[in-house]
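Okay, hi everyone, thanks for making time. I'd like to walk you through a structure that's probably new to most of you, so let me put it up on the screen.

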Amino acid sequence: MPEIKVTPLGAGQDVGRSCILVSIGGKNIMLDCGMHMGFNDDRRFPDFSYITQQGRLTEFLDCVIISHFHLDHCGALPYMSEMVGYDGPIYMTHPTKAICPILLEDFRKITVDKKGETNFFTSQMIKDCMKKVVPLNLHQTVQVDDELEIKAYYAGHVLGAAMVQIKVGSESVVYTGDYNMTPDRHLGAAWIDKCRPDILISESTYATTIRDSKRCRERDFLKKVHETVERGGKVLIPVFALGRAQELCILLETFWERMNMKAPIYFSTGLTEKANHYYKLFITWTNQKIRKTFVQRNMFEFKHIKAFDRSYADNPGPMVVFATPGMLHAGQSLQIFKKWAGNEKNMIIMPGYCVQGTIGHKILNGQKKLEMENRQTLEVKLQVEYMSFSAHADAKGIMQLIRMAEPRNMLLVHGEAKKMEFLKDKIEQEFTINCFMPANGETTTVITNPSVPVDISLNLLKREMALGGPLPDPKKPRTMHGTLIMKDNSLRLVSPEQALKELGLNEHQLRFTCRVQLQDPHSDPDTLSRIYTHLKSVLKGYTIQHLPDGTVMVESIVIKVSSSAEEPNTKVLLLSWSYQDEDLGSFLSTLLKKGLPSGLSSI
Amino acid sequence: MGETSSVENEFDDWFIESLKIYNHIHEYQLEHPTRAIEWTSEKTICVAGYNSDKNEILELLLPLKLFADDNQGLCAERDFKVVHGGFSDGSIHCLKHIPGTRCVVTNDGFNSNLQVWDLGGDDCDVIKRTGVLQLKSASSDNGVKIAPGLTGGPCVLHGSQISDIQLTELTSGKPLYSLGKDIPDLLSSLQFVSGSVFLACACNGDLYVGDTRKPSAPQNNPAGGREGAHWCMGVKTDLSSSDPSSCSVARLSSACQVVVSDLRDLRAPLCQAQLHVQRKTTSDDFMKVTWAPALDNCLAVSGFDGMVQIYDTASWRPELMEFQPFFIHRGHMMSDDQFDTSLAVVTTHVWHPSRPRTVLSAAVDGSVHVWDWVDKATASC
């Protein structure tokens with residue numbers, strides 16, 4: 001049976017790292033290769049022993065596809081490609097390719113330098129890994145090999161995030177990665193055509209939530225900034241160079257005048273350079289509004305937002321500063337933090353997740369005293385605010401995506417099946433498709449029903465139509481007989497005679513004969529008549545003839561009776577039939593072996 | 001700037017104002033609108049659709065951020081979690097939770113039977129229908145009003161007219177009490193004020209007090225007010241007190257008047273007011289008036305348009321005068337989608353049982369908002 005197999009790697013119920021294996025049409029694909037941020041040991045890496053117990057993965061995988069640059073989707077990539085071993089192609093979009101190595105290097109530095117861990121990938125490994133990357137453009141079909149092709153679709157969520165369609169022959173799978181269905185200030189909403197994949201694979205982490213609106217999150221941000229500035233405090237917002245920073249800058253810029261704010265807003269120069277550089281490269285990835293703005297002016301040329309100078313951090317009075325890096329693990333944002341942490345009028349707003357080991361992570365866990373490198377203790381008196389701006393699809397979003405893509409089956413990973421039965425029922429009822437929810441480490445096998453297009457010869461078609469009866473109905477298929485000729489790349493359905501002619505073969509006939517012994521005290525002709533009467537009563541609806549040449553014919557099956565002179569009551573029935581009437585022939589021989597019923601007349 | 005329309009400006013104005021007037025505000029979009037928000041525990045609510053055929057019932061867990069009090073800053077969790085869900089073959093107009101159980105009772109607003117549902121526990125997230133109570137009621141095309149029993153075993157008070165008010169035991173379906181008097185007035189609201197005493201408000205504004213321990217002729221207490229108006233009521237009780245003054249009743253009319261009385265004398269209104277409302281909708285379906293459980297003299301009114309208005313009744317007088325609300329929630333009229341906000345109507349609202357100024361409201365576009373306003377120390381609320 002044609003089938004597609006999907007296995008989310010991982011164990012038990014743990015969420016937090018994405019790595020999914022798909023087997024389709026004889027090809028093996030790895031979707032994402034994420035790191036689990038909650039573990040400090042090998043459990044943070046996906047368990048590749050499912051693919052092979054030892055040795056490199058190259059021969060077992062046809063390709064690896066990374067959906068976007070978040071560490072829970074790409075964090076284990078250098079480990080997989082350089083420490084476990086994989087030399088095949090790694091596909092990702094251009095922005096992902098540009099940003100991934102930066103995040104991986106940052107992450108490596110924190111884990112190795114700050115936390116002093118070993119058994120982690122090195123800077124060189126990150127570089128070597130990225131050499132294997134083949135970049136993807138949106139909506140462009142890429143041939144991985146003769147049979148396997150992939151295509152990236154816009155997913156929203158973060159810069160460069162993609163949903164991927166994987167196709168082998170007429171079977172296909174779409175993997176969503178992380179996506180969102182509502183646009184935000186700097187990214188559009190996910191979009192896909194009615195590609196009708198056999199399976200649509202999606203995360204279920206947010207499937208059972210109903211998201212609070214973007215404007216309420218923004219309102220909360222503005223309110224906190226406003227309150228802090230009103231009381232004379234300073235607001236520090238650590239950001240990674242892209243994405244969130246733009247979003248929040250645009251937000252502040254839009255409302256600063258309306259809110260009558262007098263305090264200055266700054267962003268650190270490191271941010272500007274990097275951000276502008278990336279935006280120039282990836283302008284197609286942002287939404288319409290940004291694109292228009294960018295064409296007119298520099299990405300960071302806001303009316304109210306100015307470049308930061310180190311010395312400003314000591315200025316008295318309120319201000320708002322965007323600085324890198326995002327997790328407070330080094331650089332300018334950390335320097336500013338050290339200066340401002342001791343004043344309770346100040347505030348720090350963390351707009352995203354912070355990796356364990358960073359200062360960001362510690363203060364988000366409520367830590368009030370921090371030990372810095374020089375053995376000094378830093379008291380954290382400023383207000384700490386954790387705000388989540390990441391765009392994810394919720395229950396409604398999943399339904400919208402299914403409506404767009406029209407998959408034949410739905411598969412949700414990273415969820416607890418018993419906590420999602422309602423969603424499963426909902427999907428199954430609304431779309432009449434199956435919804436699978438494998439546990440981590442569990443394989444789901446989906447039987448597909450690929451259509452095989454075949455050319456039918458006109459003669460055969462005419463013959464079928466001449467058979468009469470009701471016209472074929474798509475809901476009630478009618479069986480027809482023909483011969484399938486597979487030559488080169490074409491498939492043709494023709495009548496048997498035509499097939500024989502084309503192939504230069506002669507038609508052969510097969511006839512079977514069978515002898516049945518019967519005890520019957522009548523004469524041979526009488527026995528034959530009795531047989532005729534018997535068959536007529538049993539085989540209603542069949543053509544049965546008693547011929548003058550001393551035979552009985554049932555359809556095309558011939559029955560003769562003979563006996564030997566020594567034993568006139570032992571009749572030998574000779575049955576003969578052609579291969580086409582095999583079923584009926586076998587039936588008759590079995591029937592006649594049972595003998596003739598006694599009450600038969602011989603007329 | 002020439003691109004921004006007046007609608008966008010109106011929204012921006014409200015957005016900026018919201019920074020000052022709300023402490024918190026959360027806005028959610030359900031796939032289908034609800035006209036019921038019912039508390040099923042301190043942190044969970046139940047909502048349900050009212051389409052003519054298939055609908056969903058959802059039990060939602062409120063976002064952690066709302067409850068994080070001291071550590072609110074460190075909690076980023078702002079979303080509803082769908083903890084249980086189920087399907088209904090018909091519309092759901094009325095949904096009530098039976099206290100002390102995982103059971104809710106619903107009615108579709110047309111027929112006279114009650115659907116009984118089990119919300120489910122930790123091991124399964126599906127809400128299942130466990131039974132149907134077939135009621136015999138006089139008029140069967142106005143639906144049935146429901147009031148859960150407050151004490152004793154699970155039971156439910158229901159009726160479509162004053163005459164067919166009955167108390168039924170949930171598990172057995174056995175009728176425990178019937179009002180039994182032939183008063184064919186259509187019932188608008190029904191509520192227990194103690195273990196056995198209940199109030200029934202008819203659509204014409206008449207208020208009846210009944211006691212399930214003694215089937216006697218209930219006394220009629222008309223609301224007065226304009227002829228032909230449609231009325232509903234909101235009741236505030238203090239179950240720990242047997243003092244009749246602790247039970248306040250507010251009756252709201254379709255002419256936007258409110259009459260306030262208490263159990264000492266339901267005939268004589270303590271105070272009343274002409275509300276400052278311009279009706280946008282002709283239907284009386286969604287009219288609702290409620291008392292704030294954790295504030296004194298504080299009423300919320302909705303159903304005439306896309307707003308929820310909060311009034312302070314302490315300044316109201318026995319004679320009819322017009323009063324302004326001291327707070328208006330306009331969020332449902334500020335949609336940034338394609339929805340035409342002139343069609344916005346709030347379908348229902350409820351107060352948080354213990355957090356003083358926290359209200360949940362829903363509207364016809366499927367929006368559900370959770371908000372609490374900033375206390376201006378001048379008001380008594």
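Let's start where the two chains meet, with a pair of strands. Two bridges join β12(A) to β5(B), residues 80-88, and the two strands run antiparallel. If you want a spot to click on, take A:Thr209, which stands opposite B:Lys81 in β5(B). Before I go on, please keep in mind that this is a predicted model.

Now, how big is the area buried between chain A and chain B? It comes to about 3700 Å², and carbon and sulfur atoms give 53% of that. On chain A's part of it, three residues stand out: A:Ile210, A:Arg215 and A:Phe422 supply 24% of the area that chain A buries against chain B, more than any other three residues. As for who takes part in the contact, that's 36 residues from chain A and 45 residues from chain B.

Okay, polar business next. Across this interface there are 25 residue pairs in polar contact, counting pairs with both residues at pLDDT 80 or more. So which elements of chain A give two or more residues to the side that touches chain B? They are β12 (209-210), α5 (214-230), α10 (359-364), β20 (383-386), α11 (395-405) and α12 (421-431). The one that gives the most is α5(A), with eight residues. And if you sort the residues on that side of chain A by type, you get 13 nonpolar, six polar and 17 charged.

With those charges in mind, let's talk salt bridges. Side chains of opposite charge can pair when their charged atoms come close. Between chain A and chain B we count nine salt bridges, and over all chains the structure holds 39. Let me show you two. In one, A:Lys426 pairs with B:Glu31, with the closest N and O atoms 2.5 Å apart. In the other, A:Arg258 pairs with B:Asp13, and here the closest N and O atoms are 2.1 Å apart. A:Arg258 sits in the loop between α6 (244-256) and β14 (265-268) of chain A, while B:Asp13 is in helix α1 of chain B, residues 6-21, so this pair joins two chains.

A quick look at chain B as a whole. It has one helix and 29 strands. Its C-alpha trace spans about 70 × 55 × 40 Å along the principal axes. Is the radius of gyration what you'd expect, or something else? A compact globule with 381 residues would come out near 21 Å, and chain B has 20 Å, so that agrees.

Back over to chain A, there's a little sheet I like. This one is open, with three strands in the order β24-β26-β25 and mixed pairing. β24 (455-456) and β25 (483-487) stand at the edges with a single partner strand each, so one side of each has no neighbour in the sheet. β25(A) pairs with β26(A), residues 490-494, in the antiparallel sense over five bridges. There you can find A:Ile485 opposite A:Arg492 in β26(A).

Last up, two backbone oddities in chain A. The peptide bond from A:Thr324 to A:Pro325 is cis, with omega near -10°, and A:Pro325 lies in the loop between β16 (319-323) and α9 (331-340). Then there's A:His139, which has a positive phi of about 60° although it isn't a glycine. You'll find A:His139 in the loop between β6 (133-136) and β7 (141-143).

That's my tour, thanks for listening!

Technical notes
Residues are numbered from 1 along each chain as its sequence is written. Chains are lettered from A and ligands numbered from 1 in the order in which they are written. Side-chain values use heavy atoms; hydrogens and water are left out. Contact means heavy atoms within 4.5 Å. Buried area is the accessible area (1.4 Å probe) that two parts lose on being put together, summed over both. A salt bridge is a side-chain nitrogen of Lys or Arg within 4 Å of a carboxyl oxygen of Asp or Glu. A polar contact is a pair of N or O atoms within 3.5 Å; within protein, one must be able to donate a hydrogen and the other to accept it, and residues adjacent in sequence count only if both atoms are side-chain atoms. Helices (H or I, at least four residues) and strands (E, at least two) are DSSP runs, numbered from the N terminus. Ala, Val, Leu, Ile, Met, Phe, Trp, Tyr, Cys and Pro count as nonpolar, Asp, Glu, Lys and Arg as charged, and the others, Gly among them, as polar. Two strands pair if DSSP finds at least two bridges between them. The radius of gyration is taken over C-alpha atoms; the globule rule is 2.2 Å times the number of residues to the power 0.38.
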